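Open the model in a viewer and keep the sequence beside it. The stops below say what to select and what is there.

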Amino acid sequence: MTTGSKAPSGRPWLHRKGEVIQEFGTVKQFPIGLSHDARMYSCRRLNRVPADGAEEVPAMLSRLLAAHETILTDAHDAAARTGRSGDDGTNDLLVSQVVRTGELHAWFLAEHLVDTPLVRA
């Protein structure tokens with residue numbers, strides 16, 4: 001963590017940086033009964049992050065819904081594969097946090113797109 005000056009009273013100290021203790025995309029050797037390859041596969045799958053552009057709200061919601069579908073398709077595949085490889089922890093994380101949450105978010109997004117016209121200039 002950074003040291004030195006304090007944040008102004010009553011305001012958050014933004015943009016703080018800390019020392020990197022593990023590089024992005026790497027795994028440590030812990031005694032969890034999984035091979036390095038299995039842990040690296042899970043690490044790569046869990047590190048994927050979508051990014052959408054700025055456009056009109058209905059178009060953004062539509063693109064966000066498509067991104068959720070992409071993530072859900074990939075998460076279903078990753079969950080099945082991690083389950084087959086014996087990585088029950090990652091399988092549970094993918095199913096309970098990514099799939100279930102993603103399906104709920106996709107449903108809410110889809111409901112907001114019902115009868116929402118795209119504004120054309």
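At what N to O distance do the side chains of Asp77 and Arg45 meet in a salt bridge? Select both residues: the distance is 2.9 Å. A salt bridge here is a side-chain nitrogen of Lys or Arg within 4 Å of a carboxyl oxygen of Asp or Glu. Asp77 belongs to helix H2 and Arg45 to helix H1, so this pair ties together parts that are 32 residues apart in sequence.

Before going on, note the ground rules. The model is predicted, so local features need pLDDT of at least 70 and side-chain atom pairs pLDDT 80 or more, while totals for chains, interfaces and linings use all residues. Residues are numbered from 1 along each chain as its sequence is written, and side-chain values use heavy atoms, with hydrogens and water left out.

**Stay at Arg45**

Add Asp74 to the selection. Its side chain and that of Arg45 form a salt bridge at 2.8 Å, N to O. Arg45 lies in helix H1 (residues 36-46) and Asp74 in helix H2, so the pair ties together parts 29 residues apart in sequence. Arg45, Asp74 and Asp77 are thus linked in a network of salt bridges; the structure holds 2 salt bridges. Arg45 counts as buried (under 20% relative accessible area, 1.4 Å probe, protein chains only) because its relative accessibility is 15%. Asp77, at 38%, is partly exposed (between 20% and 50%).

**Zoom out**

Colour the chain by secondary structure. There are 3 helices and 0 strands, in the order α-α-α. Helices (H or I, at least four residues) and strands (E, at least two) are DSSP runs, numbered from the N terminus. Of the 121 residues, 21% count as buried.

**Select Thr82**

Thr82 sits in helix H2 (residues 57-84). Thr82 counts as buried because its relative accessibility is 1%. Its side chain reaches the backbone oxygen of Ala79 at 3.1 Å. Show the contacts (heavy atoms within 4.5 Å): leaving out residues up to four places away in sequence, Thr82 touches Tyr41, Ser42, Asp87, Thr90, Asn91 and Leu94.

**Finish at Leu109**

Leu109 is in helix H3 (residues 88-112). Is Leu109 buried or exposed? Leu109 is buried, with a relative accessible area of 10%. Leaving aside neighbours within four places in sequence, Leu109 is in contact with Leu61, Leu64, Leu65 and His68. Now select Pro58 as well: the two C-alpha atoms are separated by 9.8 Å, although Leu109 and Pro58 are 51 residues apart along the chain.

Definitions and conventions
A polar contact is a pair of N or O atoms within 3.5 Å; within protein, one must be able to donate a hydrogen and the other to accept it, and residues adjacent in sequence count only if both atoms are side-chain atoms.
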